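Visitor: Could you walk me through how this model packs? I would like to start with a pair of helices.

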Amino acid sequence: MSSFTAASRPGSAAGATPLSLCAREPRVPADRLVAEMVPPPRFDSVRFATYLPDPNQPGQAEAVRVLEGFAAGLGRAPSGGGRRGFLGFGRSRAAKVPAGPRGVYLDGGYGVGKTHLLASLWHAAPAEPALKAFGTFVELTNLVGALGFQETVRTLSGHRLLCIDEFELDDPGDTVLVSTLLGRLVDAGVALAATSNTLPGKLGEGRFAAADFLREIQGLSARFRTQRIDGEDYRHRGLPEAPAPFTDEQVTQTAYATEGASLDDFPRLLDHLAKVHPSRYGALTDGLRAVCLTGVRAVPDQATALRLVVLADRLYDREVPVLASGLPFDALFSDEMLNGGYRKKYFRAISRLTALTRDAKPLVAA
């Protein structure tokens, strides 16, 4: 479990002083990072049967069939093994790797349901939860930072399946690190599944990241089957435009009226995020029922923007509504950022924060 400063404990009653993210300084033990490598709460109940393929995009239905077959193939226990390692998960000897593809890569754009499908694969894989791991690329690199490379290999090598969401192709150092880690895990018999987002603004075949992904994982490419998924962002299919920002007064009143809500000045929150390691941003949101922000403004620099992206991901995973005043969330990032190397992250953050603002609208008193 994480710990907070005394002034920030969750559970305040409605009408009491709201919580504050800026007052929280979570401390997260390494074993929690491992134990929490499961699909986020938003995807607790998703299954292949709950995925609704777009009839105009046949690749979506095909992806379900491919992943169902991949999950069924994991029912054959890998040979080899040995005694358990760190936290009971690792094996002291590498397993003999079964023949055939041991990885699947879901290649597509924003909001086509790749995370839904990846989480469904995790749920469908015939192994106990302790032998399956699910996390984002960033969470995996954070795990290596917390445990060290060799301990991470020992910890995960006894798993049957590792699912990596949002595989990053824009940080060469981290990409090489994770590629090396995956090579060690494949040698131990671990099956892999991954997604990454398309870079916006590219057309035709260039819209898809499969070639980049297979190049970066180098010797592992033969182990992966690529499954392309076309489609439009489901978060915008038939939904109204994102609501306009509220006033400072509305945001503040809602924070005081909503049990478990936080209330923070946006620029101050951005400063606070610089003091908390991104691996702790999930713990930063523990117990929150809503996040209320006043004075939203354009993010001043790229380092700050990337921290905000991680916070947006953790809020979206936990389905925490976000109510804000100031600029709308689609004005957070400059044109230079949206056209630069990290643009896929910024587009994802805009999409997710917009969805969370829709979720927050019913909290505001009529």
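Visitor: Which residues of helix 3 does helix 2 meet?

Guide: Happy to start there, and note that this is a predicted model: local features need pLDDT of at least 70, side-chain atom pairs count only at pLDDT 80 or more, and totals for chains, interfaces and linings use all residues. Residues are numbered from 1 along each chain as its sequence is written, and side-chain values use heavy atoms, leaving out hydrogens and water. Contact means heavy atoms within 4.5 Å, and helices are DSSP runs of H or I, at least four residues, numbered from the N terminus. Ala63, Val64, Leu67, Phe70 and Ala71 in helix 2 meet, on helix 3, Leu117, Leu121 and Ala124.

Visitor: How are helix 2 and helix 3 oriented to each other?

Guide: Helix 2 (residues 58-73) and helix 3 (residues 114-124) have axes, lines fitted to C-alpha atoms over the stretch in contact, that lie 9 Å apart at an angle of about 25 degrees. Angles under 35 degrees count as roughly parallel. Helix 2 and helix 3 are therefore roughly parallel.

Visitor: Which element gives the most to the largest nonpolar core?

Guide: A nonpolar core is a set of buried (under 20% relative accessible area, 1.4 Å probe, protein chains only) Ala, Val, Leu, Ile, Met, Phe, Trp, Tyr and Cys residues joined through side-chain atoms within 4.5 Å. The largest has 37 residues, with Leu308 and Phe333 among those with the most contacts inside it. Elements giving two or more residues to this core include helix 9 (266-273) and helix 13 (343-360). The most, eight residues, comes from helix 11.

Definitions and conventions. Buried < 20%, exposed > 50% of the residue type's maximum accessible area, 1.4 Å probe, protein only. Axes fitted to C-alpha atoms, helices over the stretch in contact; angles between N-to-C directions. Parallel < 35°, antiparallel > 145°, perpendicular 65-115°, else oblique.
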